[in-house]
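The exercises below ask the reader to locate residues in a protein model and to describe their surroundings step by step. Each task is followed by a worked solution.

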Amino acid sequence: MAVSFANLNSEAGLKKLDDYLLTRSYITGYQASKDDLAVYSSFSAAPSSKYINVTRWFSHIDALLRLSGVTAEGQGVKVESSAVPSASTPDVADTVTAPADDDDDDDVDLFGEETEEEKKAAEERAAAVKASGKKKESGKSSVLLDVKPWDDETDMAKLEEAVRNVKMEGLLWGASKLVPVGYGIKKLQIMLTIVDDLVSVDTLIEDHLCAEPVNEYVQSCDIVAFNKI
């Protein structure tokens, strides 16, 4: 089913796309497609670096376009108030410059020369990324943890508060729930999202969740699920 986005040159449109890309690498499917080209073409300029997920996706598609690496058909996408509708998005293969002389392979430019306008746009995007002063974000992972208390007298509200008070760059706590274990004891199941290059789950558990002061409430932690986003 086709997805739809509002004007991506507006704050509201960018916010919606940023939220959408939080758990996705591409607009639809698991590889770059014409849906990504349609959304990419709707931008009049590189997105603000404050939209981390949009910036990551935009830079990736921009790099693929330079290598003519987007060929998948996609599932259909609609972008409102965009300059180039998805139906008119050209096939990347059509933009490849044909060789002028079959006998002179060394002089063949398979991707064509950049126009002055394209060079200027690339320079502006590079300057925007450099000016942001932020590290390029790596891949993310979604993790589900079991956090076990010492006994049935452990205050589970304070346990969860202590867990969520652990702060690390690249760590975002998510939804949680209490799950009965037996003998009146409950464990805390909690979701978290991590930036792979910044957070090690093993370090998080050993140096933070099972160390002072959190270990006043936490006996042990187990990884229930670990999925790349």
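**Exercise 1. Place Arg 56 in the fold and describe its surroundings.**

Arg 56 belongs to helix H3, which covers residues 52–66; helices (H or I, at least four residues) and strands (E, at least two) are DSSP runs, numbered from the N terminus. The model is a predicted one, in which local features need a pLDDT of at least 70 and side-chain atom pairs count only at pLDDT 80 or more, while totals for chains, interfaces and linings use all residues. Residues are numbered from 1 along each chain as its sequence is written, and side-chain values use heavy atoms, with hydrogens and water left out.

The next step is exposure. Arg 56 has a relative accessible area of 24% and is therefore partly exposed, given that buried means under 20% relative accessible area, exposed over 50%, and partly exposed in between (1.4 Å probe, protein chains only).

The last step concerns partners. When neighbours within four places in sequence are left aside, Arg 56 is in contact with Leu 21, Arg 24 and Ser 25, where contact means heavy atoms within 4.5 Å. Ser 25 is 31 residues away from Arg 56 along the chain, and the C-alpha atoms of the two are separated by 8.7 Å. With Leu 21 the link can be made precise, since the side chain of Arg 56 reaches the backbone oxygen of Leu 21 at 2.8 Å. This is a polar contact, that is, a pair of N or O atoms within 3.5 Å; within protein, one must be able to donate a hydrogen and the other to accept it, and residues adjacent in sequence count only if both atoms are side-chain atoms.

**Exercise 2. Follow the chain to Arg 24 and find what Arg 24 touches.**

Arg 24 sits in the loop between H1 and H2. With a relative accessibility of 35%, Arg 24 counts as partly exposed. Apart from neighbours within four places in sequence, Arg 24 has contacts with Arg 56 and Ile 229. Ile 229 lies 205 residues from Arg 24 along the chain, yet their C-alpha atoms are separated by 6.5 Å. A polar atom of the Arg 24 side chain also lies 2.9 Å from the backbone oxygen of Tyr 20.

**Exercise 3. Determine how helices H1 and H3 are arranged.**

Two packed helices are described by the angle between their axes and the distance between the axes. The axes of H1 (residues 11–20) and H3 come within 7 Å and cross at roughly 80 degrees. H1 is therefore roughly perpendicular to H3. From H1, the contact is made by Leu 14, Leu 17 and Asp 18, and from H3 by Ile 52, Asn 53 and Val 54. Another residue of H3 is Thr 55, which is buried because its relative accessible area is 16%. Not counting residues up to four places away in sequence, Thr 55 touches Pro 47, Ser 48 and Ser 49.

**Exercise 4. Is helix H2 mostly covered or mostly uncovered?**

Helix H2 spans residues 34–41, and six of its eight residues are buried, so that the helix is mostly covered by the definition of burial used here. Its buried residues are Asp 35, Asp 36, Leu 37, Ala 38, Val 39 and Tyr 40. Tyr 40 counts as buried because its relative accessibility is 14%. Beyond residues up to four places away in sequence, Tyr 40 touches Trp 57, Phe 58, Ile 61, Asp 62, Leu 65 and Arg 125. Asp 35 has a partner of its own, for a polar contact of 2.5 Å joins its side chain to that of Thr 28. Thr 28 lies in the loop between H1 and H2, and counts as buried because its relative accessibility is 6%.

**Exercise 5. Summarise the whole protein and the confidence of the model.**

The protein has six helices and six strands, and its elements run β-α-α-α-β-α-β-α-β-β-α-β from the N terminus on. Of its 229 residues, 33% count as buried. The mean pLDDT, the predictor's confidence in each residue from 0 to 100, is 79, and 73% of the residues score at least 70. Over residues 82–100 the pLDDT stays under 50, and the model has 21 contacts beyond four places in sequence for this stretch. Residues 103–111 also have a pLDDT below 50, with nine contacts in the model beyond near neighbours in sequence.

Terms used:
Axes are lines fitted to C-alpha atoms, for helices over the stretch in contact, and angles run from 0 to 180 degrees between N-to-C directions. Angles under 35 degrees count as roughly parallel, over 145 as roughly antiparallel, 65 to 115 as roughly perpendicular and the rest as oblique.
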